[in-house]
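User: Please take a close look at one part of this model and describe its surroundings in some detail. Then work outward from there and say how that part sits in the rest of the fold.

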Amino acid sequence: MKNSNSSETILLVIWAQALIAILGSLFFSEIMGYIPCELCWFQRILMYPLVIIYGVAAIKKDLSIALPGLILSGIGMLVSAYHYLIQKLPVLHETGGSCGIIPCNTEYVNYLGFITIPFLAGVAFIVIFVLHIILLKQQKGK
């Protein structure tokens, strides 16, 4: 990544988004006492390394070492979307009931009737993925 203030800022925003997502997940489980379901654990497994990946990329100012972050965030978007659909679509709602000790169709929070924990995780993954793509396009254009 060439020395571009814009690119460095975007990389820091990606890192901050991953950090906020981790802190949010820890808030829900450790402070609020919400036990994560299996799909929540998969989303955590995909999100937690992103703080390290993008943190190192920001420090070294090298987007190329963050490629695993693009892959993890892409997979995370799919897992979050599936989890959200299990919660919100009646046809899939029953599938989430047999997901483990805590059913994946459990909605601990439901702000404004649509904002659930998988929704929040999905937004975080989308922000990370889209900003990474923007960085790649900026890099290609130079």
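Analyst: C37 is buried, with a relative accessibility of 4%. The model is a predicted one. C40 is also buried, at a relative accessible area of 17%. That value lies under the 20% limit, so C40 still counts as buried.

Which cysteine sulfur is nearest to that of C40? It belongs to C37, at 3.5 Å, and C40 is in no disulfide. A disulfide needs the two sulfur atoms within 2.5 Å, so this pair does not qualify. By that rule the model has zero disulfides. C37 is likewise in no disulfide, and the cysteine sulfur nearest to its own is that of C104, 3.5 Å away.

C104 also appears around L39. Setting aside residues up to four places away in sequence, L39 touches V79, Y82, H83, I86, C99 and C104. L39 is also among the members of the largest nonpolar core that touch the most other members, together with L11, I14, M47, L50, Y54 and I128. This core holds 31 residues. The elements that contribute two or more residues to it are α1 (5-31), α2 (38-60), α3 (67-88) and α5 (117-141). Which of these gives the largest share? It is α2, with 10 residues.

The next step outward is the packing of α2 against α1. The two helices pack at about 145°, and their axes are 8 Å apart. The crossing is left-handed. From α2, the contact uses R44, M47, Y48, L50, V51, Y54, G55, A57 and A58. From α1, it uses L11, L12, I14, W15, A18, L19, A21, I22, S25, L26 and S29. M47, L50 and Y54 of α2 were listed above among the best-connected core members, and they are part of this contact.

α1 also packs against α5. The axes of α1 and α5 come within 10 Å and cross at roughly 165°. This angle is over 145°, so α1 and α5 are roughly antiparallel. Their crossing is left-handed. The α1 side of the contact consists of S6, S7, I10, L11, V13, I14, Q17, A18, A21 and F28. The α5 side consists of I117, L120, A124, V127, I128, L131, H132, I134, L135 and Q138. L11 and I14 take part in this contact, and L11 and I14 also belong to the contact of α1 with α2.

I117 is worth a separate look. I117 lies in helix α5, and it touches F28, Y34, Y108 and V109 when residues up to four places away in sequence are left out. The C-alpha atom of I117 is 9.0 Å from that of S80, although the two residues are 37 apart along the chain.

Some loop positions complete the picture. K61 sits in the loop between α2 and α3. K61 has a positive phi of about 55° although it is not a glycine, and it is partly exposed at 37% relative accessibility. S64 lies in the loop between α2 and α3 as well. S64 is exposed, with a relative accessible area of 51%. The C-alpha atoms of S64 and L136 are separated by 9.0 Å, while the residues are 72 apart along the chain. In the loop between α4 (90-93) and α5 is L112. L112 is not a glycine, yet its phi is positive, at about 60°, and L112 is exposed at 73% relative accessible area.

At the level of the whole protein, there are five helices and zero strands. The C-alpha atoms fill a box of roughly 50 × 30 × 25 Å along the principal axes. Of the 142 residues, 42% are buried. Among contacts with a separation of 6 or more, 69% join residues 24 or more positions apart. To return to the starting point, C37 and C40 have their sulfur atoms 3.5 Å apart, and the count of disulfides is zero.

Note on methods. Residues numbered from 1 in each chain as written. Predicted model: local features only at pLDDT ≥ 70, side-chain atom pairs only at ≥ 80, totals over all residues. Heavy atoms only, no water. Core = buried A, V, L, I, M, F, W, Y, C linked by side-chain atoms within 4.5 Å. Buried < 20%, exposed > 50% of the residue type's maximum accessible area, 1.4 Å probe, protein only. Helix = DSSP H or I, 4+ residues; strand = E, 2+ residues; numbered from the N terminus. Contact = heavy atoms within 4.5 Å. Axes fitted to C-alpha atoms, helices over the stretch in contact; angles between N-to-C directions. Parallel < 35°, antiparallel > 145°, perpendicular 65-115°, else oblique. Left-handed = near helix turned anticlockwise from the far one by under 90°.
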